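I opened my notebook to look up two things: charged pairs and empty space. My notes are kept short.

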Amino acid sequence: PDGISQSAFSSGFHVGFIRDMPINKKRNVAIGLGLGISSNSYNQNLLILKNNEQEIEYSILDKNITPYTKNKFSTYLLEIPLEIRWRTSTPTDYNFLRVYPGFKLSYMVYNTSKFKSSERDILLSKIEDFNKLQYGVILNAGYSNINVHFYYGLNNIFKNGANINGELIGINDIKIGLIYYIL
């Protein structure tokens, strides 16, 4: 909805293993299938709280009206990436150019929401309005061990029932970062 914005640097940490399965004689084209875990924090101005009936409510914060020191939600995911891997490697050269486009399927195992201000603190967990199943496209590219990582979520982080005054909260994930490969 209009008015939702990132309020600070959002961070994430991902670790996992990808099995590389070459599909040609030169072994420079492969399929990669993996398993990993991920932790993501989204600093923004979307307040998540429980009302008197213990139902989840959403509103947009204006820092000039409601000053706060922290407002974020966090997700913890199990991830399964599938990549088509192209590289300029040889059997003896491990410093090579790589381009790995693919798809990632994630399952949310836990989530939290934290709000802190001088007046009150709100901590919620296991919020049912988050989509448990997340999926999107990925691209990892670079040279040698350090590479650029890009992910775009194809579905919303929140279920269709999550709304602010009847307007659906349609937030998709975009992640840009560094990825380090250990060969």
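The entries below go through salt bridges and then a cavity.

**Entry 1: the model.** I noted before anything else that this is a predicted model.

**Entry 2: salt bridges.** How many salt bridges does the structure hold? I looked up the total and wrote down five.

I began with Arg-85. Its side chain meets that of Asp-20 in a salt bridge, at 2.9 Å from N to O. I then looked up where the two partners sit. Arg-85 belongs to strand β5, residues 70-87, and Asp-20 to strand β1, residues 11-22, so this pair ties together parts that are 65 residues apart in sequence. I also checked exposure: Arg-85 has a relative accessible area of 5%. That value makes Arg-85 buried, because buried means under 20%.

**Entry 3: a second partner for Asp-20.** Asp-20 also forms a salt bridge with Arg-87, and here the N to O distance is 2.8 Å. Arg-87 lies in strand β5 while Asp-20 lies in strand β1, so the pair ties together parts that are 67 residues apart in sequence. Is Arg-87 buried or exposed? I found a relative accessible area of 6%, and Arg-87 is buried.

**Entry 4: Glu-83.** I looked up Glu-83 next. Glu-83 forms a salt bridge with Arg-85, and their closest N and O atoms are 2.8 Å apart. Glu-83 is buried as well, with 2% relative accessibility. I then put the pairs together: Asp-20, Glu-83, Arg-85 and Arg-87 are joined into one network by salt bridges that share partners.

**Entry 5: empty space.** Rolling a probe the size of a water molecule over the atoms shows where empty space is left. I looked for cavities of 30 Å³ or more and found one. The volume of the largest cavity is about 80 Å³.

Which residues line the largest cavity? I listed Tyr-42, Thr-75, Leu-77, Glu-79, Lys-104, Ser-106, Met-108, Gln-134, Tyr-151, Ile-157, Asp-173 and Lys-175. Which strands each supply at least two residues of this lining? I noted β5 and β6, the latter being residues 97-116.

I sorted the lining by residue type last. Five of its residues are nonpolar, three are polar and four are charged. Among the charged ones are Glu-79 and Lys-104.

**Entry 6: recap.** Strand β5 appears in both parts of my notes: Arg-85 lies in it, and it supplies at least two residues of the cavity lining.

Conventions: Residues numbered from 1 in each chain as written. Predicted model: local features only at pLDDT ≥ 70, side-chain atom pairs only at ≥ 80, totals over all residues. Heavy atoms only, no water. Salt bridge = Lys/Arg side-chain N within 4 Å of Asp/Glu carboxyl O. Helix = DSSP H or I, 4+ residues; strand = E, 2+ residues; numbered from the N terminus. Buried < 20%, exposed > 50% of the residue type's maximum accessible area, 1.4 Å probe, protein only. 1 Å grid on protein atoms, 1.4 Å probe; cavity = no way out; pocket = protein on both sides within 12 Å on 5 of 7 lines; lining within 4 Å. Points joined across faces, edges and corners; volume = space filled by probe spheres on them.
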